[in-house]
Amino acid sequence: MPSTESKRRSGSGWAQFRRIVSFKRKHLCIPYILFLALFVIIPIIIILVYAFTRTTETGQLEFSFDALKEFFSSTTKLNVLLVSLFIGLVNTLLCLLIGYPIAYLLADKRVNKNYVMVMLFIMPMWINFVLRTGATRDVLYMMGIKGGQHPYLATLIGLLYNYLPFTILPLYTTMIKLDKSQIEAAKDLGCNPAQTFVHSILPQTVPGIVSAAEMVFMPTMSSYVISDTLSEGKLTLFGNSIASSFNNSLWNDGSFMALVMLVLIFLTMFITNRFHKDETQERGRLW
Amino acid sequence: MTQNLTQNERKIRKNAILRKTIGQCVIWLVLIAMYIPIMVLIAYSFTRAANIGTWTGFTFLLYADLFNDAEIMVALGNTVLIALISSALSTVLGTCGAIGAFYSKRRSREVLESVNQIPVVNAEIVIALSLTVMFVFFQSYILGGSNVFSFWTLLIGHMVLQVPFVYLSVKPKLQQMDPALYEAALDLGCNQTQALWKATIPEIMPGVASGFLLSITLSLDDFIVTAFTRGAGLLSGDKSIETLSTLVQAKIKKGPIPPEMRALTTLIFLTVLAVAILVTIYRNRTVKKTRKGRKGA
């Protein structure tokens with residue numbers, strides 16, 4: 001558009017000012033950008049600053065690797081990290097093991113035609129999770145599984161209860177989109193049910209499995225209330241460990257652990273991004 | 001030959017029935033197991049015993065106790081207020097952000113979207129602590145030590161959790177929208193703001209609504225961010241703001257769930273059940289509508 005271009009150039013200073021200030025649709029995202037910069041980016045920068053500094057006696061910050069050395073030389077902290085990774089893995093596997101067949105059955109028109117059933121599986125997500133965690137603990141206590149005596153078992157049951165709905169939903173959304181004709185074709189070509197599952201159903205549901213695992217693994221590692229309540233403080237997960245560092249005013253150590261958590265999150269994101277492109281929408285649909 | 005066929009048919013039908021029964025059994029078994037803790041709490045909400053497991057006679061008194069318990073009522077009020085205020089603000093901010101980003105250059109949109117993704121994948125505890133550290137930093141280096149923790153910090157905390165999800169639920173609606181609509185509104189004499197209000201906003205309304213609902217659920221269920229970023233204010237007055245999550249956590253840290261909260265669980269369960277049924281009805285209706293529409297075309 002050469003004509004408008006020349007008109008713009010010939011405009012007076014005032015007109016130019018008006019043109020810059022005048023409303024455009026893209027200006028709508030300015031408050032949003034400011035919000036993200038202030039409350040998402042700056043906090044992370046501050047965490048980074050604290051992770052690589054040390055507080056001197058006078059309260060000044062000074063560049064140092066103390067927090068890093070402290071973390072990698074502390075057997076308790078490394079232990080907590082390992083235990084959290086292990087619990088996260090076990091919980092993810094348990095959720096998938098139970099959630100996968102349930103999602104398959106719910107999506108199978110020959111078994112279930114009622115959408116209310118799906119809602120019933122998702123509904124616990126809408127009941128306050130602290131209340132649900134307390135209920136699980138009290139009922140387990142009543143049944144004789146006391147968190148103080150069986151911290152791992154009680155915590156795992158609590159985690160499973162909390163994260164099962166989060167596994168079922170993404171799995172269900174991939175299951176209803178299964179290509180039925182491909183499954184039929186596999187059967188017609190002589191696959192037995194097991195072969196059909198391995199060669200047709202499983203590959204088709206990989207994106208669902210990946211996003212379900214993603215919904216469970218990292219949140220489990222960083223969970224705070226569930227492990228604290230169900231194990232009666234006997235089992236410390238990485239999330240509890242970060243929080244207690246901050247509560248004891250060990251900001252530099254706490255920040256470094258938060259940084260470790262961030263690195264782990266971005267690593268898993270990097271790995272899982274290769275499995276599904278539409279991850280963001282999958283997550284959005286969850287609620 | 002015909003006999004063979006009927007035999008085969010019978011076998012297939014038998015298999016189908018078998019599959020259905022087994023499938024239904026598995027679904028119900030897991031469902032019942034999932035609801036045991038909530039159901040036990042609901043059952044014991046009709047007796048006044050201090051612990052679940054002991055039954056001291058049927059009564060509705062716990063429900064009366066619940067409504068007379070000022071602590072729980074304040075927490076409930078706070079929870080609802082925070083959910084509504086933060087969701088409304090997040091919805092406006094996120095929707096504007098999504099519209100703005102949609103009409104920005106591709107490069108800047110991509111940068112914005114990757115920043116938007118950070119709170120979505122980040123652990124809640126890291127979000128909570130990074131915000132708290134920033135607030136303390138702000139408090140001690142800029143405000144000179146006066147307390148910054150209040151309702152506003154809590155509000156910001158909740159909005160950080162919600163806004164990215166609002167953005168993500170509005171974005172697909174913008175992509176599906178017919179770009180000619182906005183142009184048509186301009187041609188028909190609207191100025192830019194009017195065109196935005198009359199053409200764009202109605203088109204993306206379903207996305208905005210689902211973003212709002214999502215925000216509400218995120219806010220209602222939040223514990224960690226609330227626990228770290230809260231200060232005095234709202235219905236709690238001079239004391240630190242208690243929401244349902246923080247109150248329940250404080251109680252269950254000391255002992256079993258207080259009896260009145262069992263009654264509360266029943267009420268929450270019934271509310272959620274009603275919402276679930278409404279959602280199903282609404283969904284079935286829209287599915288039917290689209291089917292009819294397709295047939296008509």
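This tour moves through the two chains of a predicted model, chain A and chain B, and says at each stop what to select and what is found there.

**Stop 1: the whole of chain B**

Begin by selecting chain B alone and colouring it by secondary structure, which brings out eleven helices and zero strands. Followed along the sequence, chain B accordingly reads α-α-α-α-α-α-α-α-α-α-α. Chain B has a radius of gyration of 26 Å, whereas the globule rule gives 19 Å for 297 residues, so the chain is more spread out than a compact globule. If you turn chain B along its principal axes, its C-alpha atoms fill a box of roughly 95 × 70 × 30 Å.

**Stop 2: the domains of chain B**

Next, give the two domains of chain B separate colours, taking residues 1-69 together with 260-297 as domain 1, and residues 77-257 as domain 2. The C-alpha centres of these two domains of chain B are 32 Å apart.

**Stop 3: helices α3 and α8 of chain B**

Now select residues 70-102 of chain B, which form helix α3, and residues 192-221 of chain B, which form helix α8; the two helices pack with their axes 8 Å apart and at an angle of about 140 degrees. At that angle α3(B) is oblique to α8(B), and the crossing of the two is right-handed.

To see where they meet, show the side chains on each helix in turn. On α3(B) the contact is made by T79(B), I82(B), A83(B), S86(B), S87(B), S90(B), T91(B), G94(B), T95(B) and I99(B). On α8(B) the partners are T200(B), V208(B), G211(B), F212(B), S215(B), I216(B), S219(B) and L220(B). Coloured by class, the residues of this contact comprise seven nonpolar and eleven polar, with no charged residue.

**Stop 4: helices α7 and α8 of chain B**

Keep α8(B) in view and add residues 179-187 of chain B, which form helix α7; the axes of α7(B) and α8(B) come within 9 Å and cross at roughly 155 degrees. The two helices are therefore roughly antiparallel to each other, and the crossing is right-handed.

Here α7(B) contributes L181(B), Y182(B), A185(B) and L186(B), while α8(B) contributes A195(B), K198(B), A199(B), T200(B) and E203(B). By class, this contact of α7(B) with α8(B) holds six nonpolar residues, one polar residue and two charged residues.

**Stop 5: the domains of chain A**

Hide chain B for a moment and select chain A, which is divided into domain 1, residues 28-64, and domain 2, residues 76-278. The centres of the two domains of chain A, taken over C-alpha atoms, are separated by 31 Å. Where they touch, domain 1 of chain A provides seven residues and domain 2 of chain A provides six.

On the domain 1 side, look for helix α3 (30-51) and strand β1 (53-55) of chain A, the elements that each give two or more residues to this contact. Of these, α3(A) gives the most, with four residues. The domain 1 side of the contact divides by class into four nonpolar residues, two polar residues and one charged residue.

**Stop 6: where the two chains meet**

Bring chain B back and display both chains together, since the last part of the tour concerns the contact between them, in which 77 residues of chain B touch 76 residues of chain A. On the chain B side, the elements that give two or more residues are α1 (2-43), α3, α4 (106-121), α5 (124-141), α6 (151-176), α8, α10 (244-254) and α11 (259-296). The most comes from α1(B), with 15 residues. By class, the chain B side has 53 nonpolar, 19 polar and five charged residues.

**Stop 7: a helix pair across the interface**

For a closer view of one place where the chains pack, select helix α13 of chain A, residues 251-272, along with α5(B); their axes come within 10 Å and cross at roughly 140 degrees. This makes α13(A) oblique to α5(B), and their crossing is left-handed.

Finish by showing the residues on both sides, where W251(A), G254(A), A258(A), M261(A) and L262(A) of α13(A) meet V126(B), L129(B), S130(B) and V133(B) of α5(B). This contact is made up of seven nonpolar and two polar residues, with no charged residue among them.

Definitions and conventions
Residues are numbered from 1 along each chain as its sequence is written. Chains are lettered from A and ligands numbered from 1 in the order in which they are written. This is a predicted model: local features need pLDDT of at least 70, side-chain atom pairs count only at pLDDT 80 or more; totals for chains, interfaces and linings use all residues. Domain bounds come from an automatic or database domain assignment. Two residues are in contact if their C-beta atoms, placed from the backbone, lie within 7 Å. Ala, Val, Leu, Ile, Met, Phe, Trp, Tyr, Cys and Pro count as nonpolar, Asp, Glu, Lys and Arg as charged, and the others, Gly among them, as polar. Axes are lines fitted to C-alpha atoms, for helices over the stretch in contact, and angles run from 0 to 180 degrees between N-to-C directions. Angles under 35 degrees count as roughly parallel, over 145 as roughly antiparallel, 65 to 115 as roughly perpendicular and the rest as oblique. A crossing is left-handed if the near helix is turned anticlockwise from the far one by less than a right angle, and right-handed if clockwise. The radius of gyration is taken over C-alpha atoms; the globule rule is 2.2 Å times the number of residues to the power 0.38.
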